[in-house]
Amino acid sequence: MSKSLNIVLVEPEIPQNTGNIARTCACVGARLHLVEPMGFRLTQKNLSRAGCDYWDEVDIVRWPCADAFFEAHGNDELHLFTGQACRGFAEVSYGEGAFLVFGRESRGLDLRFIEAYANRCVRIPMREGLRSLNLSNAVAVASYEALRQQGYPGLG
């Protein structure tokens, strides 16, 4: 399975969103990074509630905190998704192994990461006055744009 893409969820709060994102990762062959603390525990009950029978097909990497993730991958190809960015997500190039980084459902990424990686922030365009897409939808939109640019490696 090709690992042409890394999806990073920083402090996800809703198990159903994480389950949907895990399904997307399984279907496209992306690695899923889960950054603690999460708003739920990865128990069999929560996984079942998330309705995802794809967990065995997903390569999951867990991180104890956002600082640990950014310390390990700060020099890699990061794309931080935030409504505070000016540049659209389709305006950048996504290389093999790129990291698409998403914040928690309730408030997104912490401002300190947005400021520290300002030149790597992108946004998904939407109508004025609306807060955000559902996290699992945003991940799907972003993933497929990155994979489209890469020629959909390993996908039929």
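Arg104 touches Val10, Glu11, Glu13, Leu109 and Asp110, leaving aside residues up to four places away in sequence. The model in which these contacts are found is a predicted one, and Arg104 is a convenient place to enter it. The residue is found in the loop between strand E5 and helix H4, and with a relative accessible area of 5% it counts as buried, because the cut-off for that class is under 20%. Its side chain reaches the backbone oxygen of Gly108 at 2.8 Å, and it also meets the side chain of Asp110 in a salt bridge, with 3.0 Å from N to O. Asp110, for its part, is partly exposed, with a relative accessible area of 25%. Glu11, which is among the residues that Arg104 touches, belongs with Arg104 and Asp110 to a network of salt bridges.

From this loop one can step back into the sheet. Six strands, in the order E3-E2-E1-E5-E4-E6, form an open sheet whose pairing is parallel. Strand E3 (60-63) and strand E6 (121-122) stand at the edges, each with a single partner strand, so one side of each is left without a neighbour in the sheet. Strand E5 (98-102) lies between E1 and E4 in that order. With E1 it runs parallel, joined by 5 bridges, and in this pairing Asn6 stands opposite Phe99 of E5. With E4 the pairing is again in the parallel sense, over 3 bridges, and here His79 has Leu100 of E5 as its bridge partner. On the far side of E4 from E5 in the strand order comes E6, which runs parallel to E4 and is joined to it by 2 bridges; Leu80 has Cys121 in E6 as its bridge partner.

How many of the residues of E5 are buried? The strand is mostly covered, with 5 of its 5 residues buried. Ala98, Leu100 and Phe102 point one way from the strand, while Phe99 and Val101 point the other way, and all of these are buried. The two residues already named as bridge partners, Phe99 and Leu100, therefore belong to the two opposite-pointing sets, and both are buried.

The helices can now be placed against this sheet. Helix H1 (residues 15-28) lies across strand E1 (5-10) and strand E2 (31-35), running at about 155° to E2. In helix H3 (residues 66-73), the buried residues are Ala66, Phe69, Phe70 and His73. Seen down the axis of H3, these buried residues fall within an arc of 90°, so they line one face of the helix. They pack against E1, E2, E3, E4 and E5, and against helix H4 (111-116) as well.

Helices H3 and H4 are also linked by charged side chains. A search of the whole structure finds 6 salt bridges, and one of them joins Arg112 to Asp67, the closest N and O atoms being 2.9 Å apart. This pair links distant parts of the chain, since Arg112 is in helix H4 and Asp67 in helix H3, 45 residues apart. Both partners are partly exposed, Arg112 with a relative accessible area of 44% and Asp67 with one of 40%.

Helix H5 (residues 135-149) offers a further set of contacts, beginning with Ser136, which has its place in this helix. Is Ser136 buried or exposed? At 9% relative accessibility, Ser136 counts as buried. Apart from residues up to four places away in sequence, it touches Asn17, Asn20 and Ile21, and its C-alpha atom is separated by 7.2 Å from that of Thr18, although the two residues are 118 residues apart along the chain. A polar contact of 2.6 Å also joins the side chain of Ser136 to that of Asn134. Further along H5, Glu145 forms a salt bridge with Arg148, the closest N and O atoms being 2.8 Å apart. Being 3 residues apart in the helix, the two are separated by about one helical turn. Glu145 counts as buried at 11% relative accessibility, whereas Arg148, at 45%, counts as partly exposed.

A last stop is Cys86, found in the loop between strand E4 (78-81) and strand E5. Cys86 is exposed, with a relative accessible area of 81%. In sequence Cys86 and Asn119 are 33 residues apart, and in space their C-alpha atoms are 10.0 Å apart.

Note on methods
Residues are numbered from 1 along each chain as its sequence is written. This is a predicted model: local features need pLDDT of at least 70, side-chain atom pairs count only at pLDDT 80 or more; totals for chains, interfaces and linings use all residues. Side-chain values use heavy atoms; hydrogens and water are left out. Helices (H or I, at least four residues) and strands (E, at least two) are DSSP runs, numbered from the N terminus. Buried means under 20% relative accessible area, exposed over 50%, partly exposed in between (1.4 Å probe, protein chains only). Two strands pair if DSSP finds at least two bridges between them. Contact means heavy atoms within 4.5 Å. Axes are lines fitted to C-alpha atoms, for helices over the stretch in contact, and angles run from 0 to 180 degrees between N-to-C directions. The arc is that of the directions from the helix axis to the C-beta atoms. A polar contact is a pair of N or O atoms within 3.5 Å; within protein, one must be able to donate a hydrogen and the other to accept it, and residues adjacent in sequence count only if both atoms are side-chain atoms. A salt bridge is a side-chain nitrogen of Lys or Arg within 4 Å of a carboxyl oxygen of Asp or Glu.
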